[in-house]
Protein chains: 2
Amino acid sequence: MRKTDRLATIRDVAALAGVSVGTASKALNDRGSLRAETRRRVQEAAERLGFQANAAARTLNTGRTYTVGMITTDSIGRFSIPLMLGAEDALGAGQMSVLLCDARDDPIREQYYLRALLTRRVDGIIVTGRRAQARAPLAVDLPVPVVYAFVSSTDPADCSVVPDEAGGAVKAVEHLRATGRRRIAHVTGPDHHTSARVRAEAAGPGLVRPPLFGEWSEAWGRQAAGMLLAEKTDFDAVFAGSDQIARGVVDTLRAAGRRVPEDVAVIGFDNWDVMVSASQPPLSSVDMDLDGLGRTAANLLLAAINGEPAPGRHVRPCRLVLRESTAVGVGGGDRV
Amino acid sequence: MRKTDRLATIRDVAALAGVSVGTASKALNDRGSLRAETRRRVQEAAERLGFQANAAARTLNTGRTYTVGMITTDSIGRFSIPLMLGAEDALGAGQMSVLLCDARDDPIREQYYLRALLTRRVDGIIVTGRRAQARAPLAVDLPVPVVYAFVSSTDPADCSVVPDEAGGAVKAVEHLRATGRRRIAHVTGPDHHTSARVRAEAAGPGLVRPPLFGEWSEAWGRQAAGMLLAEKTDFDAVFAGSDQIARGVVDTLRAAGRRVPEDVAVIGFDNWDVMVSASQPPLSSVDMDLDGLGRTAANLLLAAINGEPAPGRHVRPCRLVLRESTAVGVGGGDRV
């Protein structure tokens, strides 16, 4: 079913309509302010040439497959693998191949991988990492488009897709308030870590005490819960910066005779299946939708490959996944 | 420092010595039974041509870099990522690039990735997966060498590197016996899972009761420990088929007032940092040395790329990592 005729590109459309590629793109994507006459001229040219603006649709028609390099600094794989799966899912199986490279936070290794990918003629590159924060661009003047996912580029002309971590934190705290909790504590990772800071700030000034910064571990969650109990803070909810911290908090509260969720509601961040399901009770959590981030990144990359780049920072919402640790009106309870 | 002269290969050495490539390889690697005269003739030829048998040394001298495709079925990344890091470490940074592809247990996706890697001219392929078991070969008559790591190929002519899971299980049980435990129970994953079966068989007939097969989760560990307590099995140790199961066992034992390790020693499998360190107390565990498996796989692949394939099943030992959950003579204890 492979067509041998070269398909029209946006450049062909622009040439026929007598406009720039940028203008043609705006006209076809209904973006920006254009004169109605210009928009109509571009649309007519596109129609005449059989041009299809939608990258996914075009790929399906041409039978073309894309190979994308993904460079990550996430040695653990916990963040990069869901992103990779999402990116692959942006098109059907076999229409996009994602080659994952682990640069391990090492700029020299990153440049080696970049060269390896370019030598092997990938169509585009997705850059990701363990930390949702801004980083220096991969390189300048690359021959293929680059999209940053989860991490973002410090260059506003680059295309980045990031989770709305602040929005996620607000959702967590608002849910606790909506279910009657009034005295909320926040326990999170190190204060030099962007994600910890952003989430803590978004959790707001209405917390029962200043956020407890520490590390991303269950041990810290247990320790922090012990501190809250020892200082006799009167609290009825804990918003934790990660599921591991949340699980540590829950274990220590239960060991001290506080019921979760009856006495204290606890909510985590990440929605990491291993943690949320093993916790007793199972944890409510904020999900950054890494899979969706990966899909969006792949779609933006395909668009860029097809001459329709979308520079800037694209922010995607987090969603709340509710389980027993924040349940309302739980009867009985399981006092330790 | 890049040499422009083509370096001698093992084929050149064999031709000059008037022997087959296999014989030359044996002579240079001190393997197999050869007449002393043949060995000497090959060594002289190698010396005359400046041939270096060691792939790593040769790479360093030529400045050549290798790109290896790694195809995995491990969507979680928990097994494939350490393997990948080990493979990269077989040579220095930038001398080996590993492109990871996730085939998701889907044969069609696997063939797509295989094609994508071959089109992009990788030097070789490492196949891995979530389960240490035999699988059908990737394909026949591939233009590049393939090494199976963690998984193995059903074709004995293929090269596979696998962990000695049975040996690991024996080490775990022997350690428990050596520290005075006599009544050992075994709780593990599903009995249709090769790893669960192999480890359970190796744990031996001397167990206090038949192995408890279930699933690879903390919840199952908790449930199984509850069963052991309810049926009034007299046990002083639990060997668990995974760290998640071990952690579940520990939590239920402690909640029931049994001290770990004083009353019951518990040992896990995988040495997964997240689990072993968060457990209370920290877990002793069997480490399959995935990093080492990756390094060995990469070295075998490099050798094969350089004309020295090593077919067959290469078994690497597991090692025991001891922590508090099997400690001897722990004073005090932390009774719940």
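In the predicted model, the buried residues of helix 9 of chain B are Glu218(B), Trp220(B), Gly221(B), Arg222(B), Ala224(B), Ala225(B), Leu228(B) and Leu229(B). This helix spans residues 218-230, and its 13 residues reach 18 Å from the first C-alpha to the last, close to the 18 Å expected at 1.5 Å a residue. An α-helix has 3.6 residues a turn, so residues three or four places apart point the same way. Helix 9 of chain B is followed by Lys232(B), for which phi is positive, near 55 degrees.

The two chains were then compared as copies. Chain A can be laid on chain B by a turn of 179 degrees with a shift of 0.0 Å along the axis, and the resulting RMSD is 0.3 Å. The two copies are thus related as by a two-fold rotation axis. Of the interface residues of chain A, 100% are also interface residues in chain B, so the copies meet through the same surface. Chain A contains twelve helices and 14 strands, and 53% of its 336 residues count as buried. Among the contacts in chain A that link residues at least 6 apart in sequence, 69% join residues at least 24 apart.

An open sheet of six strands in chain A follows the order 9-8-10-11-12-14, with mixed pairing. Strand 9 (212-213) and strand 14 (319-321) of chain A stand at the edges, each with a single partner strand, so one side of each is left without a neighbour in the sheet. Strand 8 (residues 184-188) of chain A pairs with strand 9 of chain A in the parallel sense over two bridges, and within this pairing Leu212(A) in strand 9 is the bridge partner of Val187(A). Helix 10 (residues 243-255) of chain A lies across strand 8, strand 10 (237-240), strand 11 (265-269) and strand 12 of chain A, and runs at about 160 degrees to strand 11 of chain A.

Within strand 12 (residues 284-287) of chain A, Ser284(A) is buried, with a relative accessible area of 0%. When neighbours within four places in sequence are left aside, Ser284(A) is in contact with Val266(A), Ile267(A) and Gly268(A), as well as with Val321(A), Leu322(A), Arg323(A), Ser325(A) and Thr326(A).

In chain B, six strands likewise form an open sheet in the order 9-8-10-11-12-14, and the pairing is mixed. Strand 9 (212-213) and strand 14 (319-321) of chain B stand at the edges with a single partner strand each, so one side of each is left without a neighbour in the sheet. Strand 10 (residues 237-240) and strand 11 (residues 265-269) of chain B run parallel and are joined by three bridges, with Ala237(B) standing opposite Ala265(B) in strand 11. Helix 10 (residues 243-255) of chain B packs on the sheet, where it touches strand 8 (184-188), strand 10, strand 11 and strand 12 (284-287) of chain B, and its direction makes about 160 degrees with that of strand 11 of chain B.

Strand 5 (residues 146-149) of chain A is covered on both faces, since Val146(A) and Tyr148(A) on one side and Val147(A) and Ala149(A) on the other are all buried. In a regular strand the side chains alternate between the two faces of the sheet. Strand 3 (residues 124-128) of chain A runs parallel to strand 5 of chain A and is joined to it by three bridges, with Ile126(A) opposite Val147(A). Strand 5 of chain A also pairs in the parallel sense, over three bridges, with strand 7 (residues 159-163) of chain A, where Ser160(A) stands opposite Tyr148(A).

Ser97(A), in strand 2 (residues 96-102) of chain A, is buried, with a relative accessible area of 6%. Not counting residues up to four places away in sequence, Ser97(A) touches Tyr66(A), Thr67(A) and Val68(A), together with Tyr113(B) and Ala116(B). Ser97(A) and Ala139(A) are 42 residues apart in sequence, and their C-alpha atoms are 23 Å apart in space.

A search of the whole structure finds zero disulfides over all chains. The sulfur of Cys318(A) lies 18 Å from the closest cysteine sulfur, that of Cys159(A), which is too far for a bond; Cys318(A) is buried, with a relative accessible area of 2%. Cys318(B) is also in no disulfide, the nearest cysteine sulfur, in Cys159(B), being 18 Å away, and Cys318(B) counts as buried at 2% relative accessibility.

Methods. Residues numbered from 1 in each chain as written. Chains lettered and ligands numbered in written order. Predicted model: local features only at pLDDT ≥ 70, side-chain atom pairs only at ≥ 80, totals over all residues. Heavy atoms only, no water. Helix = DSSP H or I, 4+ residues; strand = E, 2+ residues; numbered from the N terminus. Expected span 1.5 Å × (residues − 1). Buried < 20%, exposed > 50% of the residue type's maximum accessible area, 1.4 Å probe, protein only. Least-squares fit on C-alpha atoms with pLDDT ≥ 70 in both. Contact = heavy atoms within 4.5 Å. Pairing = 2+ DSSP bridges. Axes fitted to C-alpha atoms, helices over the stretch in contact; angles between N-to-C directions. Disulfide = S-S within 2.5 Å.
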